[in-house]
Amino acid sequence: MSIRVGHHPSHLTRFHGLPVRFFDGTGETGEGSGPGPELPAPASVAWRLTTEGEVPFEERWRRFLDRVRTGEVVALVIGAWWEEWDEHGIGPVLDLLTAEAHRFPELRAVFLADVESEEAEISWIKQGDVSQVLRAWPGLRELGLRGCEDLVIEPLRHEALRTLRVESGGLAPEPVRALAACDLPALRHLELWLGTSWYGGDCTADDVHALLAALGDAPELRHLGLRNSDIQDEIAAAVAAAAVVAGLESLDLSMGTLSDEGGTALLSGQPLTHLGSLDLGHHFMSDEMVHRVREALGPHVPDLGLAPARRSRHRPEGRYVAVGE
């Protein structure tokens, strides 16, 4: 979904299968609700809206409503909504979007906070109650977001959501517990960056167990990513015993602090040979453990990611998540 230098989040170039198009709103010549000649067809791109170019977000949003046939828009990408510093979080932006939900009957995908580290570190991004987006668009199929300070996800049922992605340097337990209480029968792709306790990632193994148990009631789930965590060994042990894994096509436990303990748990648990992809990249396993994993799974899993994390010269035994601050 996003292009990265290393593991650092960068601006999306494609979203929901569409190229991302920044809506400038200053050079187009269209009037009223019709597009000007410089604008692509509304459903052919994922529209990115941001304060870039010193145009306040609300003003750009109003121009967008005036100049694009919103009834045909399929995907929206929300970038930085602040001009100098974000004091209030994304709540006011969500209010703007959902107030116009009736003008976006074909909207199927939303990404919130497509922000690079030069604009704000991932741990500084203030989210809000993203449940209102799901309520406003019962036909939404994909929801992605970056950053999780003040993130609220309320337990709900959503019939259409297929993909949910949360990129974070530290995901608090409450949203994870709320997800475990949600009913998402169409969910096929779930990816959570749980992060580190240094930046609020205080989820415990019990939280992970509860989520995995709840996902057993998501019959369509084919991809699961529980990534970027400083309890990656405990996650691996929980995954090794979770019934939901039997129905997966791909599993991603990368970007975290996985060590020999987690690798042993994966090899000692349920079979993983049915997977088409297993990503354990940015790990801290020993060469011997990597050899064992490759010997056991390499002949069966076509896409096996085993790239190690870079070791610090100053703390060669230290482990760290790929994305924290």
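Q: Before the helices of this predicted model are examined, which relative accessible area makes a residue buried, and which makes it exposed?

A: Buried means under 20% relative accessible area, and exposed means over 50%, with partly exposed in between. In helix α7, for instance, E261 and S268 are exposed.

Q: Where do the buried residues of α7 lie with respect to E261 and S268?

A: An α-helix has 3.6 residues a turn, so residues three or four places apart point the same way. In α7, which spans residues 260-268, the buried residues are G262, G263, A265 and L266. They cover an arc of only 160° around the axis, which puts them on the same side of α7. E261 and S268 are on the other side.

Q: Which elements do the buried residues of α7 pack against?

A: Their partners are α6 (232-240) and α8 (287-297).

Q: Which residues are buried in helix α5, and which are exposed on its other side?

A: Within α5 (residues 205-215), D207, V208, L211, L212 and L215 are buried. Because they cover an arc of only 130° around the axis, these residues fall on the same side of α5. D206 and A213, on the other side, are exposed. The buried residues of α5 pack against α4 (173-181), β8 (189-195), β9 (223-229) and α6.

Q: How should one read a nonpolar core, and how many residues has the largest one here?

A: In soluble globular proteins, nonpolar side chains tend to be buried together. In this model the largest nonpolar core has 87 residues, and W61, F64, L212 and L226 have the most contacts inside it. Leaving aside residues up to four places away in sequence, L226 touches L192, V208, L211, L212, Q232, I235, V239, D252 and L253. Another core, of 10 residues, lies apart from the largest one and includes F15, L18, V74 and V77.

Q: How is a pocket found, and what is the volume of the largest pocket?

A: Rolling a probe the size of a water molecule over the atoms shows where empty space is left. The largest pocket of this model has a volume of about 250 Å³. It is lined by 14 residues, of which W81, W82, H88, P92 and V93 are the closest to its centre. By class, the lining has 8 nonpolar, 2 polar and 4 charged residues.

Q: Which helix gives the most to the lining of the largest pocket?

A: Helix α2 gives the most, with 3 residues. Both α1 (57-67) and α2 (91-99) supply at least two residues each. The buried residues of α2 are V93, L94, L96, L97 and T98. They pack against α1, β4 (75-78), β5 (109-112) and α3 (131-136).

Q: What does the sign of phi tell the reader, and what is the value for H16?

A: Most residues other than glycine have a negative phi, and most peptide bonds are trans. H16, which is not a glycine, has a positive phi near 55°. H16 is in the loop between β1 (14-15) and β2 (18-22), and is partly exposed, with a relative accessible area of 28%. D150 also has a positive phi, of about 65°, and lies in the loop between β6 (142-146) and β7 (163-167).

Q: How far apart are T273 and H300 in sequence and in space?

A: They are 27 residues apart in sequence and 5.3 Å apart in space, C-alpha to C-alpha. T273 is found in the loop between α7 and β11 (277-279). Not counting residues up to four places away in sequence, T273 touches A296, L297, H300 and V301. With a relative accessible area of 36%, T273 is partly exposed.

Definitions and conventions
Residues are numbered from 1 along each chain as its sequence is written. This is a predicted model: local features need pLDDT of at least 70, side-chain atom pairs count only at pLDDT 80 or more; totals for chains, interfaces and linings use all residues. Side-chain values use heavy atoms; hydrogens and water are left out. Buried means under 20% relative accessible area, exposed over 50%, partly exposed in between (1.4 Å probe, protein chains only). Helices (H or I, at least four residues) and strands (E, at least two) are DSSP runs, numbered from the N terminus. The arc is that of the directions from the helix axis to the C-beta atoms. Contact means heavy atoms within 4.5 Å. A nonpolar core is a set of buried Ala, Val, Leu, Ile, Met, Phe, Trp, Tyr and Cys residues joined through side-chain atoms within 4.5 Å. On a 1 Å grid over the protein atoms alone, a cavity is a set of points where a 1.4 Å probe fits but cannot get out, and a pocket is an open set with protein on both sides within 12 Å along at least five of seven lines; lining residues have an atom within 4 Å of a point. Grid points are joined across faces, edges and corners, and a volume is the space filled by probe spheres set on the points. Ala, Val, Leu, Ile, Met, Phe, Trp, Tyr, Cys and Pro count as nonpolar, Asp, Glu, Lys and Arg as charged, and the others, Gly among them, as polar.
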